[in-house]
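Here are some short exercises to try with the model open beside you. Work through each task before you read its solution.

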Amino acid sequence: MLAFECEGRFFLVDCGADATREMVRAGLDPTEVAAIVLTHEHPDHISGFALLIEKLWLLGRRAPLPIFGPESALRVAEACFGVYTTDKWDGLPERIYHPVPPELGAPVFRDETFTVTAAPVEHPVPTIGLRVEAGGRTVAYSADTAQHDNVARLAAGADVLHREPAGGPCLSGGGGRDRARCRRLAPGARPRPARRHGRRAERGPRRLPRDGVGGGRPAHSRLRPPASSASARLVGATGRSRGPAR
Ligand SMILES: [Zn+2]
């Protein structure tokens, strides 16, 4: 999962494991989550959805939950939740689904803090990468993807590109070619060797590099805003399981 926070407001991206626990570890109050964005339907990104909804309810969340993502991901998430008997869960927050069209620059949501747009990337199922603007900072998130021009478009001018190499020729770790590719995606950022797809998830928090490019394993980070801007930070934890690229 990733969580983007600015000025005390935050939203969640994906929930492949126990996202509530990760939010608490990141110092966030899960009941205050403003929105949930699901990048795609693979289990390592949404299998914790039902648990997330249950825990939010148990913690006292009652306000409706806006949920964004490709239509297929929303359908799978709700289907997973729907297998449970919840009719006696009084006050269960309403889940309001907003499909994101597979278009470059597709609006995801915009509020007083965040402007979030999306673009389809290259993966075996419909998947969106994200561009998040808040507090004078811009962060791009590739989601699971092979090499795709839309990652560069999402990252154009961004302060940070967080990448998830997956599925064939991609931005996987190390090597001069990869570093050169990263420079093209996030000019000005110093590329760091990324972990290859398939490393074990849940190895605990780690800081994202502050200089622009990171990805490929669980991450937990705080980014300082420009001195002139309001408080902003990115808090994230991403996880994937060992095995072939999905
Ligand atoms: Zn995937």
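Helices and strands here are DSSP runs, numbered from the N terminus, with at least four residues for a helix and at least two for a strand. Keep in mind that this is a predicted model.

**Exercise 1.** Find where Asp14 lies, and decide whether Asp14 is buried or exposed.

*Solution.* Start with the place: Asp14 sits in the loop that joins strand 2 (9-13) to helix 1 (19-25). Next, recall the cut-off: a residue is buried if 20 or more other C-beta atoms lie within 10 Å of its own. Asp14 has 31 other C-beta atoms within 10 Å, so Asp14 is buried. Now look at the backbone: Asp14 is not a glycine, yet its phi is positive, about 70 degrees. Most residues other than glycine have a negative phi.

**Exercise 2.** Do the same for Ala143: which element holds Ala143, and is Ala143 buried or exposed?

*Solution.* Ala143 belongs to strand 9 (residues 137-145). With 29 other C-beta atoms within 10 Å, Ala143 is buried. Its phi is positive too, about 60 degrees, although Ala143 is not a glycine.

**Exercise 3.** Work out how the buried residues of helix 3 are arranged, and what they pack against.

*Solution.* First list them: in helix 3 (residues 49-59), the buried residues are Phe49, Leu52, Ile53 and Leu56. Viewed down the helix axis, they fall within an arc of 95 degrees, so they line one face of helix 3. A general rule helps here: an α-helix has 3.6 residues a turn, so residues three or four places apart point the same way. Then check the partners: the buried residues pack against helix 1, helix 2 (43-46), helix 4 (71-82) and strand 5 (95-99). Finally, just after helix 3, Gly60 has a positive phi of about 110 degrees.

Key: Residues are numbered from 1 along each chain as its sequence is written. This is a predicted model: local features need pLDDT of at least 70, side-chain atom pairs count only at pLDDT 80 or more; totals for chains, interfaces and linings use all residues. A residue is buried if 20 or more other C-beta atoms lie within 10 Å of its own, exposed if 12 or fewer, and partly exposed in between; C-beta atoms are placed from the backbone. The arc is that of the directions from the helix axis to the C-beta atoms. Two residues are in contact if their C-beta atoms, placed from the backbone, lie within 7 Å.
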